[in-house]
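Good morning, and thank you for making time for this item. I would like to take you through one model, which is now coming up on the screen.

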Amino acid sequence: MAHPHLWHPFTQAKTAPDPLKVKSGQGAWLTLEDGQQILDCISSWWVNIHGHAHPRIAEAIYQQAQVLEQVIFAGFTHDPAEQIATRLVKYLPGALSRVFFSDNGSTAVEVALKMAYQYWHNQRQHRPQFLAFTGAYHGDTFGAMAVGARSPFTAAFDDLLFQVEFAPFPATYWGDETVEQKEAQAIAQIAAKLATGSFAAIILEPLVQGAGGMRMCRPQFLQQLQAIARQSDTLLIFDEVMTGFGRTGDWFACTRAAVEPDLICLSKGLTGGFLPLAVTVCSEKIYAAFYSDEAQKALYHGHSFTANPLGCAAALASLDLLIETEAAFRGLEAQHQRRLVHLADNPQIERIRCTGAIAAMDLVTAGDPGYFNQIGAQIRQRSLSKGLLLRPLGNVLYLLLPYCITEAELDLIYSGIDEILASLPSV
Ligand SMILES: *Cc1c(COP(=O)(O)O)cnc(C)c1O
């Protein structure tokens with residue numbers, strides 16, 4: 001039964017099935033109130049990189065809660081925040097060296113946009129525009145919506161969103177023969193826009209666009225993008241809220257692609273899915289534009305829970321686990337690939353793609369392939385009855401697995417997908 005006083009996210013309550021009540025979680029599994037077990041194939045909205053209720057992270061939060069649960073972060077600092085900053089900077093590439101905390105992916109993006117914009121403002125340069133990509137998703141607050149693709153989700157607010165230039169995202173997949181052409185066209189378009197000198201920054205989800213349909217691009221494209229951004233002195237923002245912390249088979253998408261952004265946004269996997277926490281990390285060059293005798297040049301942004309010590313403690317424990325499971329997150333892509341080849345001949349699917357822990361495919365469908373395509377809801381229901389948590393994005397079926405997943409669980413997931421596909425009415 002739906003609760004009379006709850007309002008769920010991304011849900012049309014009138015037509016949606018009642019929410020399932022979850023009692024507990026362990027590893028990749030969730031246990032419902034009625035005892036049914038469900039294998040969480042999407043890391044609960046992409047956050048639980050180590051699976052559920054990992055005792056090491058739970059213990060770290062418990063220990064921290066007894067010492068310091070929260071403190072104002074203006075004028076004060078604390079060990080957990082300093083430690084996480086030191087350690088993150090070690091794993092991040094190049095010049096990324098200043099860590100600013102916030103609460104979630106959307107706020108990490110807001111902070112990056114404000115840093116980039118004010119960076120130019122502080123230097124009395126007029127750079128009024130942002131460049132983003134078709135199919136992008138950067139969060140649900142207004143700035144994040146503005147740099148995301150216009151969609152049914154933003155439609156009610158489109159008049160309020162600041163104007164952004166969108167470039168095509170050269171999405172690719174197995175057997176794609178046009179990828180180089182798509183990349184060249186995108187780069188040419190972007191170079192022409194950047195030549196105007198009016199862009200503060202480019203923002204994108206590197207290697208994998210998440211909510212826009214698990215659309216993947218090649219590292220080569222990101223390398224070319226970096227080159228033209230540098231040429232025109234435009235800042236490069238990587239929104240790695242989803243791709244960070246092992247998701248792409250390396251520590252970050254930027255390290256996998258060997259590209260060094262000027263700013264990076266991290267959240268989802270940061271605390272292993274235990275607590276809401278985010279960081280925006282920028283280069284010393286950006287920080288220097290705010291460091292001044294003039295009060296006006298400071299970044300006047302902050303949140304009540306900035307650098308919450310419990311979140312930082314969870315993040316430290318999650319980082320330890322990530323180091324220990326490096327072989328697992330590096331190995332997932334090959335584990336997916338071995339199973340995906342068997343799906344390649346199935347005429348019900350097309351555009352198979354895989355990066356690290358993320359595997360995706362498009363279901364061939366008669367209707368409009370967008371988010372509201374009914375096939376998504378059908379698959380969601382059928383997968384639940386098979387004990388799998390899958391949540392297709394429209395006609396895009398994807399897996400985004402925790403690193404504790406076993407070979408046996410992977411077999412279970414892929415045979416479940418086979419059965420679900422076989423049970424669908426033919427197009
Ligand atoms: C989920 C997501 C966000 C927004 O994060 P929230 O924590 O939901 O606000 C931003 N960018 C990307 C790439 C995401 O996947």
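I shall speak about the ligand site and then about two of the sheets.

Please keep in mind throughout that this is a predicted model.

Let me begin with the ligand. Which residues lie around the ligand? The surrounding residues are Trp46, Asn104, Gly105, Ser106, Tyr137, His138, Gly139, Glu205, Asp239, Val241, Met242 and Lys268. By residue class, this shell comprises four nonpolar, five polar and three charged members.

Three polar side-chain approaches deserve mention for anyone setting up a calculation. Ser106 places a polar side-chain atom 2.6 Å from an oxygen atom of the ligand. For Lys268, a polar side-chain atom is likewise found 2.6 Å from a ligand oxygen atom. Asp239 addresses a nitrogen atom of the ligand, with a polar side-chain atom at 2.7 Å. As for burial, the ligand on its own has 380 Å² of accessible area, and the protein covers 83% of that.

I turn now to the first sheet. It is an open sheet of four strands in the order E1-E2-E3-E15, and its pairing is mixed. At its edges are strand E1, residues 22-26, and strand E15, residues 388-389, each of which pairs on one side only.

We can walk across this sheet strand by strand. E1 and strand E2, residues 29-32, are antiparallel and share four bridges. Within that pair, Gln26 is opposite Trp29 of E2. The next step, from E2 to E3, is also antiparallel, with three bridges. Here Trp29 faces Leu39 of E3. E2 and E3 make a hairpin with four residues in between, and Gly35 in the turn has a positive phi of about 95°.

How do E3 and E15 run relative to each other, parallel or antiparallel? They run parallel, joined by two bridges. Leu39 appears again at this junction, with Leu388 as its bridge partner in E15. One may thus follow the residues in register: Gln26 opposite Trp29, Trp29 opposite Leu39, and Leu39 bridged to Leu388.

As a general reminder, the strands of a sheet pair through backbone hydrogen bonds, in either a parallel or an antiparallel manner.

The second sheet is open as well, with three strands in the order E13-E14-E16 and antiparallel pairing. Why is one side of E13 and of E16 left without a neighbour in the sheet? Strand E13, residues 349-355, and strand E16, residues 396-400, are edge strands with a single partner strand each, so one side of each has no neighbour there. From one strand to the next, the twist averages 10°.

Strand E14, residues 358-363, is joined to E16 by five bridges, and the two run antiparallel. One of the paired positions is Asp362, whose bridge partner in E16 is Val396. Helix H11, residues 326-343, lies across E13, E14 and E16, and its direction is at about 170° to that of E13.

That concludes my presentation, and I would welcome your comments.

Technical notes: Residues are numbered from 1 along each chain as its sequence is written. This is a predicted model: local features need pLDDT of at least 70, side-chain atom pairs count only at pLDDT 80 or more; totals for chains, interfaces and linings use all residues. Side-chain values use heavy atoms; hydrogens and water are left out. A residue is near a molecule or strand if one of its heavy atoms lies within 4 Å of it. A polar contact is a pair of N or O atoms within 3.5 Å; within protein, one must be able to donate a hydrogen and the other to accept it, and residues adjacent in sequence count only if both atoms are side-chain atoms. Accessible areas come from the Shrake-Rupley method with a 1.4 Å probe; for residues, only the protein chains shown count as cover. Ala, Val, Leu, Ile, Met, Phe, Trp, Tyr, Cys and Pro count as nonpolar, Asp, Glu, Lys and Arg as charged, and the others, Gly among them, as polar. Two strands pair if DSSP finds at least two bridges between them. Axes are lines fitted to C-alpha atoms, for helices over the stretch in contact, and angles run from 0 to 180 degrees between N-to-C directions. Contact means heavy atoms within 4.5 Å.
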